[in-house]
Amino acid sequence: MTNLQESLRREFLRTNRSGAYSSSTLVDCNTRKYHGLLVVPVPELDDENHVLLSSLDCTVIQHGAEFNLGLHKYQGNAFSPNGHKYIREFDATTVPTTTYRVGGVILKKEVIFQHYEDRILIRYTLEDAHSATTLRFRPFLAFRSVRQFTHENATASREYSGVDNGIKTCMYAGYPDLYMQFSKKNEFVFQPDWYRGVEYPKEQERGYASNEDLYVPGYFEMPIKKGESIVFSGSTSQIKTSTLKALFDKEVGERVPRDNFYHCLVTAAHQFHNRQKNDDRYLLAGYPWFKARARDTFIALPGLTLSIGEQDYFELVMKTAERGLREFMQEKPLSVKIYEIEQPDVPLWAVWAIQQYAKDAGKEKCYAKYGKLLNDIVKYIEKGGHPNLRLDENGLLYSNGRDKAVTWMNSTANGRPVVPRSGYIVEFNALWYNALKFCASMAADRKDEKAAAHLEELAAKVKASFVETFVNEYGYLLDYVDGNMMDWSVRPNMIFAVALDYSPLSQQQMKSVVDICTRELLTPKGLRSLSPKSGGYNPVYVGPQTQRDYAYHQGTAWPWLGGFYMEACLKLYKRSRLSFIERQLVGYEDEMDYHAIGTISELFDGNPPFHGRGAMSFAMNVAEILRTLKLMDKYSYQK
C-alpha cells in the first residue's frame with residue numbers, strides 16, 4: 001500500500017445499481033477524471049455521470065499535531081499530503097476497509113455505497129488511542145461531468161446551509177444539493193478555498209487534459225473516543241443522522257463477501273445492474289464510462305443472470321430490452337435508454353440470449369415468454385425490415401460496414417472504421433444459422449410442421465452458402481466477404497461458428513477452426529482480436545486516443561471471446577478439455593487483485609505481460625467467465 005507504483009494501479013469500484021458509483025485507487029488518490037467518492041447521474045442536465053464529491057480527506061489530531069491521511073497528485077509529480085504512508089492494511093473482502101496507524105492511533109475506515117440510493121457511507125472507528133483524539137474532515141468538491149474538468153471560477157456558489165449534523169451545498173445551478181452529514185454532532189468551519197493543479201495520471205497516459213482545481217468549502221471537526229465509530233453520509237438527499245449506524249450495518253449485511261473467485265465475479269455482475277425510477281432494468285456495458293448498449297446487453301445477459309441462478313433478473317432486463325427491440329423494428333421512437341440498438345447483429349444476439357434462457361428455464365416456458373418475439377425477429381430479418389441487414393438469395397445476411405462500423409469491432413479513426421468489416425460477416429451468418437435452427441426446433445416441439453420445414457429449408461441453404469463463402473483452404477474462416485473483397489486476416493470472430501449450439505461446419509472444420517484459434521489467438525486473457533501473423537498486428541493498447549483506436553481490435557485480447565472459445569473446446573472435446581479450461585481460468589483469477597479489485601478489465605494487451613487496459617470493469621468479460629464456470633460444472637457431471 002505504501003508503494004505508490006503498486007497501489008495507484010489498483011482501483012476499487014462500488015455501485016448503487018441505479019447508475020451512481022464510487023471509485024478511486026486503494027490509497028484514495030484519484031488518478032482518473034472518472035474517479036470520485038460520489039459520482040451520480042444528473043438527468044436534468046444530461047446523460048452523463050457527474051462527480052459531486054471528489055474525495056474526503058481525514059486528519060487525525062492529537063496534542064495539537066495534525067496527521068492528514070489524504071493523498072492527491074499535483075502538477076510536477078508532487079504527491080501531498082502523503083497519507084498513504086500511515087496505511088497498515090487494506091481489505092476488500094466485504095467492504096473496502098483501510099487501517100491507518102499514526103503513532104499510538106489506529107483508525108479503521110470502511111466504505112460502502114447504499115443500494116439504489118445516491119449515498120456514499122464511510123464508517124471511521126478509532127480502534128486504539130492513548131490520548132484525546134480529534135478527527136477533521138475536508139471535502140473536495142467538483143460538481144462536473146465525468147468528461148470535463150473544473151477550474152477555479154467566480155461562478156461557483158460558496159453558499160451552504162446547516163442540516164442535521166452537517167451541511168448542504170450546491171456549486172452550480174441545475175445540480176442537486178450535496179448533503180454531507182455525520183452520525184455525531186460536529187463543528188463545521190467555513191474556510192472556502194480552491195486546491196489548484198490536481199492531476200490525473202491515467203488521463204495523461206491516455207493523451208487527454210489531466211488537471212483541475214477542486215473546491216473545499218471548509219472542514220468538519222469532532223472528537224472521537226477509543227472504540228467509537230462515526231459514520232459519514234454524502235448524498236443528494238438528506239438523512240436522519242440517528243439512523244446512519246444502523247443503515248451502515250444493514251448495507252454490510254447485504255453484501256456477498258469477495259472471499260473467492262466466484263464470489264468476486266458475482267459481486268461484479270451485480271454492479272452492472274441498473275434500475276431506473278420507472279422500474280426499467282438495464283445492464284451497463286461497463287464502468288466507469290459505458291452506458292447500456294444493445295449488443296453488450298444480449299451477450300452479457302445470460303452470464304450475468306442465468307449462470308448465477310438469477311433467472312428473474314434475466315426476465316426483467318429482457319422485458320425492457322424487448323420493448324426497445326420492438327420499437328426499433330416498428331420504427332417507433334425509443335422509450336428505453338439502450339444505445340446502438342440499430343446495429344444489424346443486435347436481433348441475432350437477442351435470439352442467442354433467449355436460446356440460453358431456454359436451456360435454463362425449459363423450452364416450454366421460453367416459448368410462452370419469448371416465442372412471439374423470436375418469430376417476429378426472424379420474420380423481420382427475412383422480410384428485409386432492417387435498414388442494414390439484407391437477406392440474399394443464397395440465404396446469407398449482407399450488411400454494409402464500409403463507412404460506419406456495424407460489428408463489435410467498432411473503433412473509428414478520422415470518421416472511418418479502423419476495421420471496415422462489410423458484406424457477408426462471419427459471426428452475423430453463424431448467428432443467423434443458429435437462430436434459424438433454434439427457432440425450427442421450437443416450432444417442431446410445438447408440432448408446427450409448416451414453420452419448422454420453412455426454417456429448416458432456409459437453414460440448409462445458409463449452411464451450404466456459409467461453407468462455400470467462408471471456409472478457406474488453410475482451415476480457418478474468412479472474416480468477411482464483400483463481392484471480390486475477402487478478408488484473410490486470422491480473427492476470433494470465426495469461433496462463434498463453432499461455439500454456438502448449431503454450427504454450419506462439419507466436425508473436422510470445427511476442429512480446424514479451434515486449432516488455429518489456439519495456435520494464433522489464444523492468450524491467458526482470452527482471444528486476440530488479430531493474429532500476430534496477420535498484417536497490422538498492434539497488441540499494446542496505450543497512448544493517445546488515435547493510437548489506441550488503431551490498436552483496439554488489432555491484436556488486443558478480449559476475455560469474453562475466450563468464453564466462446566472455451567465453450568467451443570468443451571463442445572468438441574467434452575471432459576477431456578476440462579483441466580485445460582481450468583488452467584485458462586487461472587489467468588482471470590489473477591486479475592482479482594489487479595486493476596479494479598474483484599472484477600475484469602475491458603481488454604488486455606495481446607503480448608506478455610498482458611496488462612489490463614480500458615474500462616476498469618466490463619460486463620461481457622465478467623459474464624462470459626461466469627458462463628464458462630457454469631459450463632464446466634455441466635461437463636464435470638457428465639459421464
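## An eight-stranded sheet, its pockets and its cavities

Eight strands form an open sheet in the order β8-β9-β10-β11-β18-β15-β14-β13, and their pairing is antiparallel. The edges are β8 (87-91) and β13 (160-163), each of which pairs on one side only. On average, neighbouring strands of this sheet are turned by 15° against each other, direction ignored. The model is predicted.

### Strand β18 and its partners

β18 sits between β11 and β15 in the strand order. On the β11 side, the two strands pair in the antiparallel sense over seven bridges. Within this pairing, Ile-122 stands opposite Phe-232 of β18.

On the other side, β15 (residues 178-182) runs antiparallel to β18 (residues 229-235), and four bridges join them. Tyr-179 stands opposite Ser-235 in β18. Gln-181 has Ser-233 of β18 as its bridge partner.

How many residues of β18 are buried? Seven of its seven are, and the strand is mostly covered. The cover extends to both faces. One side carries Ser-229, Val-231, Ser-233 and Ser-235, all buried. The other side carries Ile-230, Phe-232 and Gly-234, also all buried. Phe-232, the residue opposite Ile-122, thus belongs to the second of these groups. Ser-233 and Ser-235 belong to the first; their counterparts in β15 are Gln-181 and Tyr-179.

Which helix packs on the sheet? Helix α3 (residues 244-253) does, touching β10 (105-113), β11 (119-128), β15 and β18. The direction of α3 makes about 100° with that of β11.

### The β4-β5 hairpin

Away from those pairings, strand β4 (residues 49-62) and strand β5 (residues 65-68) pair in the antiparallel sense over four bridges. Val-60 has Phe-67 of β5 as its bridge partner. Two residues lie between the strands of this hairpin. His-63 takes a positive phi there, near 50°. β4 returns below, in the lining of the largest cavity.

### Open space: two pockets

The largest pocket holds about 840 Å³ of space. It is lined by 34 residues. Nearest its centre lie Ser-18, Gly-19, Pro-41, Pro-43 and Gln-276. Two elements give two or more residues to this lining: β19 (273-275) and β21 (286-287). By class, the lining of the largest pocket has 14 nonpolar, nine polar and 11 charged residues.

The second largest pocket has a volume of about 570 Å³. Its lining counts 28 residues. Lys-202, Glu-205, His-595, Gly-612 and Arg-613 lie nearest its centre. Elements giving two or more residues to this lining are α1 (4-7), α2 (201-205) and β33 (612-613). The largest share comes from α2, with three residues. The lining of the second largest pocket divides into 10 nonpolar, eight polar and 10 charged residues.

### Enclosed space: the cavities

The structure holds four cavities of 30 Å³ or more. The largest has a volume of about 200 Å³. Of its 21 lining residues, Asp-28, Ser-55, Leu-56, Asp-57 and Lys-109 are the closest to its centre. The elements that supply two or more residues to this lining are β2 (21-25), β3 (36-41), β4, β10 and β11. Which element gives the most to the lining of the largest cavity? β4 does, with five residues. β10 and β11, which also contribute here, are strands of the eight-stranded sheet and are touched by helix α3.

The second largest cavity holds about 90 Å³ of space. Its lining consists of Arg-293, Arg-295, Asp-296, Trp-408, Asn-410, Tyr-552, His-553, Trp-558, Phe-618 and Met-620.

The make-up of the two cavity linings is set out here.

| Lining | Nonpolar | Polar | Charged |
|---|---|---|---|
| Largest cavity | 10 residues | eight residues | three residues |
| Second largest cavity | five residues | two residues | three residues |

In the second largest cavity, the charged residues are Arg-293, Arg-295 and Asp-296. The polar pair is Asn-410 and His-553.

Definitions and conventions:
Residues numbered from 1 in each chain as written. Predicted model: local features only at pLDDT ≥ 70, side-chain atom pairs only at ≥ 80, totals over all residues. Heavy atoms only, no water. Pairing = 2+ DSSP bridges. Axes fitted to C-alpha atoms, helices over the stretch in contact; angles between N-to-C directions. Contact = heavy atoms within 4.5 Å. 1 Å grid on protein atoms, 1.4 Å probe; cavity = no way out; pocket = protein on both sides within 12 Å on 5 of 7 lines; lining within 4 Å. Points joined across faces, edges and corners; volume = space filled by probe spheres on them. Buried < 20%, exposed > 50% of the residue type's maximum accessible area, 1.4 Å probe, protein only.
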